Amino acid sequence: MERLHYGVAYYDEYMPDDRLAKDIEMMQEAGITVVRIAESTWSTHEPQNGVFNFASVDRVLDAMHEAGISVIVGTPTYAVPAWMVREHPEVLAETRSGPGKYGARQIMDITSPAYLFYAERIIRKLIGRVCGHPAVIGYQIDNETKHYGTAGPNVQLRFVKAMREKFGGDLGELNRRFGLAYWSNRIDAWEDFPSVLGTINGSLGAEFARFQRQLVTEFLAWQVDIVNGYKKPGQFTTHNFDFDWRGHSYGVQRDVDHFKASKPFDIAGVDIYHPSQSKLTGIEISFGGDLARSLKQSAYLVLETQAQAFPHWTPYPGQLRLLAFSHLASGASMVAYWHWHSIHNSFETYWKGLLSHDLQPNPVYEEARTIGADFARLSGSLSGLRKINRVAMLVSNESLSAIDWFPLPGGVLYNDVVRRCYDALYKLNVGCDFVHPDTESKVLAEYDLIVVPALYSAADRLLEKLNEFTEKGGHVVYTFKSGFANADVQVRTSAQPGLIEHACGVNYQLFAEPKNVSVRLTRNLLDTVEEGYQAETWMELLTPTTAEVWARYDHPEWKEYAAITHNVFGEGTATYIGFMPGEDLLFQVFERVLRDAGLWGEEQKIKFPLVVKSGVNGAGCRVRYFLNYSGEPAAFEYGYRDGRELLSGADIRHGQLLRLPAWGFAIVEDRESAACSAAMEDGVAMD
């Protein structure tokens with residue numbers, strides 16, 4: 001993985017006829033360096049219980065190796081064969097919707113002993129067969145794994161055992177911490193513990209969601225452990241983590257704790273799908289990439305992204321190139337499409353691959369050829385990009401689950417708040433990492449600013465860490481619904497926002513749904529008073545103690561209350577936003593905080609839809625991507641040190657006008673730093 005990889009998922013088993021040689025020829029012409037195989041074809045490899053046939057895998061491996069194309073082999077465990085369900089119907093997950101029915105993928109109970117027996121057997125048979133093949137560079141463990149809502153009797157029994165262990169067998173403590181006296185939900189004997197599927201208790205429900213996420217962590221670690229027994233030196237394990245889905249990749253995945261589940265893997269992998277055509281902004285690529293990079297604090301693999309896909313995603317000319325290099329700009333070292341060929345029948349017939357249904361060259365394929373050529377030509381300068389950001393966003397699966405139980409007016413959920421904050425940072429060209437509730441204080445201290453959206457459920461220790469970060473000179477921006485409930489989703493009995501009240505210098509007792517409420521910014525935030533911003537979704541009626549007021553509610557009944565406050569605490573500052581702000585208002589707040597933190601620089605002079613991303617390559621050279629997410633040409637004054645534009649080879653001078661075509665981009669390598677100059681003299685990173 002020391003070079004850039006350009007790849008596709010390839011399913012010889014799905015092809016209408018034998019065209020492997022032709023496909024490989026076209027892959028070579030497109031610069032494809034890696035294919036992903038086998039993760040969805042268990043029934044082909046084991047058509048009956050204990051009857052194995054790996055002929056399709058063998059022939060693809062041999063052919064790819066001869067062509068110089070590497071292979072990532074997937075464990076085929078996310079789509080179970082029909083014979084297994086006939087012999088062991090209990091392998092289907094029982095969920096809130098009832099017993100499972102065979103047909104779709106991802107319908108199994110990942111805790112079922114029968115499923116795990118057969119899964120281990122197919123993993124050992126397949127990986128044991130392919131691990132010594134010279135084409136194989138790595139293994140994808142399962143596919144977009146989640147718990148699939150599994151909640152049948154065996155899962156409920158495991159949950160009860162987990163609760164007995166967590167609470168030391170003390171049911172009284174469980175009842176107290178989860179508030180189970182309400183509506184006579186007390187449990188006074190372990191054998192009386194009911195199925196959680198019917199619970200009305202958010203504390204118990206959120207605890208079960210945490211337990212279900214842990215099932216995924218354990219399942220993936222179990223598979224990695226098996227594969228590691230066969231993995232050869234130089235081979236890696238990875239997984240394609242996916243995200244909350246809103247018709248495309250959206251936010252934090254509610255069914256997986258990515259930070260915990262990624263630990264056993266050698267390198268993080270990710271699926272990223274996004275709006276396209278006139279709706280293309282690059283935000284989903286950036287969000288998914290920043291989160292994937294943060295999992296291992298290193299480069300990551302884009303194991304799946306779209307080539308054509310849905311009709312409303314068919315890319316405009318130039319967009320496929322923009323997308324591929326956008327992934328690299330966030331720190332990816334591989335970009336791979338799902339998938340090579342369009343399927344001619346079944347569920348995903350109209351999710352098109354790089355090739356259309358006629359399997360012939362097409363405009364998207366021709367554009368991919370230019371990407372493959374540039375990946376190969378520029379790999380020395382663009383691979384191994386290291387990104388050091390001074391801003392982080394804290395995300396929490398626990399808060400996500402808690403707000404699922406108590407959604408905001410209009411059905412607004414945790415990820416809506418996360419994305420509102422992240423999107424504003426992205427459009428301000430602020431590089432961002434992600435941290436999580438268990439991130440150590442010494443890691444948090446590496447950042448100057450932490451943005452904390454809707455941290456509704458949080459342990460005391462986490463809030464204390466954030467207070468400590470602030471007191472020692474850090475800057476924090478909190479949104480509404482932060483600090484409200486403890487780790488058991490019990491609302492704190494102290495003044496809100498709980499333990500961060502002192503650092504924020506503000507508290508509140510009342511909250512309301514805003515109805516025709518606008519927000520007026522004060523001169524503490526801007527040189528002039530500005531009006532007309534709207535309060536959306538939720539409003540906390542803030543009373544400052546030591547904080548200064550940055551905004552007030554502009555409403556005859558609520559005008560005495562603050563809407564945004566800012567407080568100096570120790571050597572740092574804490575900003576609290578008591579309502580759902582619009583993007584324009586977030587721009588104002590973030591600009592002020594970034595300036596105060598010394599984080600407002602050259603990147604912020606460049607305005608969206610122009611996006612700037614940067615990092616340091618393996619030679620120590622600063623590389624900057626300038627991306628135009630617009631159907632109109634754009635230009636800006638290049639304010640950095642002299643460099644070389646890598647696509648054209650042209651010299652770029654400080655102060656010159658850099659022009660970008662519609663849906664176009666430029667990549668400038670700064671060659672004036674000491675490390676980079678030394679590398680250039682040694683011939684490193686030269687094309």
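This is a guided tour of a predicted model, with a selection to make at each stop.

**Stop 1: the nine-stranded sheet**

Begin with the open sheet of nine strands, whose order is β11-β10-β12-β13-β22-β21-β20-β16-β17 and whose pairing is mixed. Select residues 433-435 for β11 and 530-534 for β17, which stand at the edges. Each of these two has a single partner strand, so one side of each is left without a neighbour in the sheet. Viewed across the sheet, neighbouring strands are turned by 20° against each other on average, with direction ignored.

**Stop 2: a walk through paired strands**

Next, select β16 (residues 518-521) together with β20 (residues 548-554); the two run antiparallel and are joined by four bridges. Which residue of β20 stands opposite Ser518? The residue to highlight is Asp554.

Keep β20 selected and add β21 (residues 562-569), which is joined to β20 by four bridges, again in an antiparallel arrangement. Here Ala551 has Ile564 of β21 as its bridge partner.

Now add β22 (residues 572-577). Six bridges link β21 and β22, and the pairing is antiparallel. Within this pair, His566 can be found opposite Thr575 of β22. While the side chains are displayed, a general rule may be recalled: in a regular strand they alternate between the two faces of the sheet.

**Stop 3: the three-stranded sheet**

Turn to another open sheet, made of three strands in the order β15-β18-β23 with antiparallel pairing. Select 511-512 for β15 and 579-580 for β23 to see its edges. Why is one side of each of these strands left without a neighbour in the sheet? The reason is that β15 and β23 each have a single partner strand. Then select β18 (residues 536-540), which pairs with β23 over two bridges in the antiparallel sense. Glu536 has Met580 in β23 as its bridge partner.

**Stop 4: the largest pocket**

Switch to a surface view and centre it on Tyr78, Arg105, Trp338, Phe347 and Glu348. The largest pocket holds about 1200 Å³ of space, and these five are the closest to its centre among the 41 residues that line it. Select helix α2 (residues 42-45) as well, since this helix gives the most to the lining of the largest pocket, with three residues. Coloured by class, the lining shows 18 nonpolar, eleven polar and twelve charged residues.

**Stop 5: the second largest pocket**

The second largest pocket has a volume of about 540 Å³. Of its 28 lining residues, Asn389, Asn429, Gly431, Glu603 and Ser614 are the closest to the centre. Select α10 (283-296), α14 (414-427), β24 (610-616) and β25 (622-628), each of which supplies at least two lining residues. Which element gives the most to this lining? Strand β24 does, with five residues. By class, the lining of the second largest pocket comprises twelve nonpolar, nine polar and seven charged residues.

**Stop 6: the cysteines**

Finally, show the cysteine sulfur atoms. A disulfide is a covalent bond between the sulfur atoms of two cysteines. How many disulfides does a search of the whole structure find? The search finds zero. Select Cys432 and Cys421: the sulfur of Cys421 is the closest cysteine sulfur to that of Cys432, yet at 10 Å it is too far for a bond. Cys432 counts as buried because its relative accessibility is 1%. Then select Cys504, which is in no disulfide; its nearest cysteine sulfur, that of Cys421, is 14 Å away. With a relative accessibility of 0%, Cys504 counts as buried.

Technical notes: Residues are numbered from 1 along each chain as its sequence is written. This is a predicted model: local features need pLDDT of at least 70, side-chain atom pairs count only at pLDDT 80 or more; totals for chains, interfaces and linings use all residues. Side-chain values use heavy atoms; hydrogens and water are left out. Two strands pair if DSSP finds at least two bridges between them. On a 1 Å grid over the protein atoms alone, a cavity is a set of points where a 1.4 Å probe fits but cannot get out, and a pocket is an open set with protein on both sides within 12 Å along at least five of seven lines; lining residues have an atom within 4 Å of a point. Grid points are joined across faces, edges and corners, and a volume is the space filled by probe spheres set on the points. Ala, Val, Leu, Ile, Met, Phe, Trp, Tyr, Cys and Pro count as nonpolar, Asp, Glu, Lys and Arg as charged, and the others, Gly among them, as polar. A disulfide is a pair of cysteine sulfur atoms within 2.5 Å. Buried means under 20% relative accessible area, exposed over 50%, partly exposed in between (1.4 Å probe, protein chains only). Axes are lines fitted to C-alpha atoms, for helices over the stretch in contact, and angles run from 0 to 180 degrees between N-to-C directions.
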